[in-house]
Amino acid sequence: MNNDKLEIKSEGIRRSDKACLCNEKAKLITGSLSLSIFSSKIAVHQVPHYFCDQCKRTYFDSATDIDVVLKRAYHLGLSEIDYIAGRSQFTYKVELLNDLKLSIEQVLINNTDIASGEEFAVVQNNQVIVGFREEECFIIEKVIDKVI
Ligand SMILES: [Zn+2]
């Protein structure tokens, strides 16, 4: 999977630098950062951000969706996460509430029986989650309510 291509497709092309508050230029780099969410510290790897060598400030542009990645890591109980995987590991072909998405992700990420290239149907509470795994990504095709 070509991550560079994916990123350009979903975010457009970023500027290579931005004006920093100290009047220097913050340069676009990709690397690991330790970030806080609620009371947790989470290491995010391979995250694009602007860094100023002069004053050490860090900036994200809005397309980075850093809060989405941090929330996902937090809800999954992870202390580190890869930015690209954290952003694109789950694809939904159905409209679902965020709470349901998070619980589905938790079930899938803990289910080591699902191999890449394989279809799956996982039972969770009164629902069956149907989808397909491709490398590290899960494509959720439908969620069926179980009739007892
Ligand atoms: Zn600066």
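Start your tour by selecting phenylalanine 38, an exposed residue with 8 other C-beta atoms within 10 Å. Phenylalanine 38 sits in the loop between S2 and S3. Its phi is near 50 degrees, which is a positive value in a residue other than glycine. Keep in mind as you look around that this is a predicted model.

**Step back to the whole chain**

Now show everything as a cartoon. You should find four helices and nine strands, and from the N terminus on they run α-β-β-β-β-α-β-α-β-α-β-β-β. Of the 148 residues in the chain, 16% are buried. Among contacts between residues at least 6 apart in sequence, 47% join residues at least 24 apart.

**Colour by confidence**

Next, colour the chain by pLDDT. The average is 85, and 89% of the residues score at least 70. Where is confidence lowest, and where is it highest? Helix H1 (residues 3-11) has the lowest mean, at 43, while strand S4 (residues 58-59) has the highest, at 96. Select residues 1-11 and you will see that pLDDT stays under 50 there; the model has six contacts beyond four places in sequence for this stretch. Where pLDDT is low, the predicted coordinates should not be read in detail.

**Walk from H1 into the early strands**

Move on to arginine 15, in the loop between H1 and S1. Is arginine 15 buried or exposed? Arginine 15 counts as exposed, because it has 8 C-beta neighbours inside 10 Å. Add lysine 27 to your selection: this residue is 12 places from arginine 15 along the chain, and their C-alpha atoms are separated by 9.1 Å.

Then pick asparagine 23, in the loop between strand S1 (17-19) and strand S2 (25-37). Asparagine 23 is not a glycine, yet its phi is positive, at about 80 degrees. With 9 C-beta neighbours inside 10 Å, asparagine 23 counts as exposed.

**Look inside the core**

Time to go inside. Select Leu35, Ile42, Val44, Val47, Ile66, Val69, Ala73, Ile81, Tyr83 and Ile84, and you have the largest nonpolar core, with 10 residues in all. Strand S3 (40-51), helix H2 (66-75) and helix H3 (83-88) each supply at least two residues of this core.

Zoom in on tyrosine 83. Which residues does tyrosine 83 touch, not counting those up to four places away in sequence? They are Val44, His45, Gln46, Val47 and Val69.

**Turn helix H2 around**

Stay with H2 and select its buried residues: Ile66, Val69, Arg72 and Ala73. Look down the axis of H2 and these residues fall within an arc of 130 degrees, so they line one face of the helix. An α-helix has 3.6 residues a turn, so residues three or four places apart point the same way. Asp67 and Val68, on the other side of H2, are exposed. Follow the chain onward to glycine 77, which comes after H2 and has a positive phi, near 70 degrees.

**Finish at the four-stranded sheet**

For the last stop, show S6, S7, S8 and S9. What is the order of the strands in this open sheet? The order is S6-S9-S8-S7, and the pairing is mixed. Strand S6 (90-92) and strand S7 (119-124) stand at the edges with a single partner strand each, so one side of each has no neighbour in the sheet. On average, neighbouring strands of this sheet are turned by 30 degrees against each other, direction ignored.

Now compare two of the pairings:

- S6 and strand S9 (residues 137-145) run parallel and are joined by three bridges. To see where they meet, select phenylalanine 90, which stands opposite phenylalanine 138 in S9.
- S8 and S9 pair in the antiparallel sense, over eight bridges. Here, select phenylalanine 132 and its bridge partner in S9, isoleucine 139.

How values were computed. Residues are numbered from 1 along each chain as its sequence is written. This is a predicted model: local features need pLDDT of at least 70, side-chain atom pairs count only at pLDDT 80 or more; totals for chains, interfaces and linings use all residues. Two strands pair if DSSP finds at least two bridges between them. Axes are lines fitted to C-alpha atoms, for helices over the stretch in contact, and angles run from 0 to 180 degrees between N-to-C directions. A nonpolar core is a set of buried Ala, Val, Leu, Ile, Met, Phe, Trp, Tyr and Cys residues joined through C-beta atoms within 7 Å. A residue is buried if 20 or more other C-beta atoms lie within 10 Å of its own, exposed if 12 or fewer, and partly exposed in between; C-beta atoms are placed from the backbone. Two residues are in contact if their C-beta atoms, placed from the backbone, lie within 7 Å. pLDDT is the predictor's confidence in each residue, from 0 to 100. The arc is that of the directions from the helix axis to the C-beta atoms.
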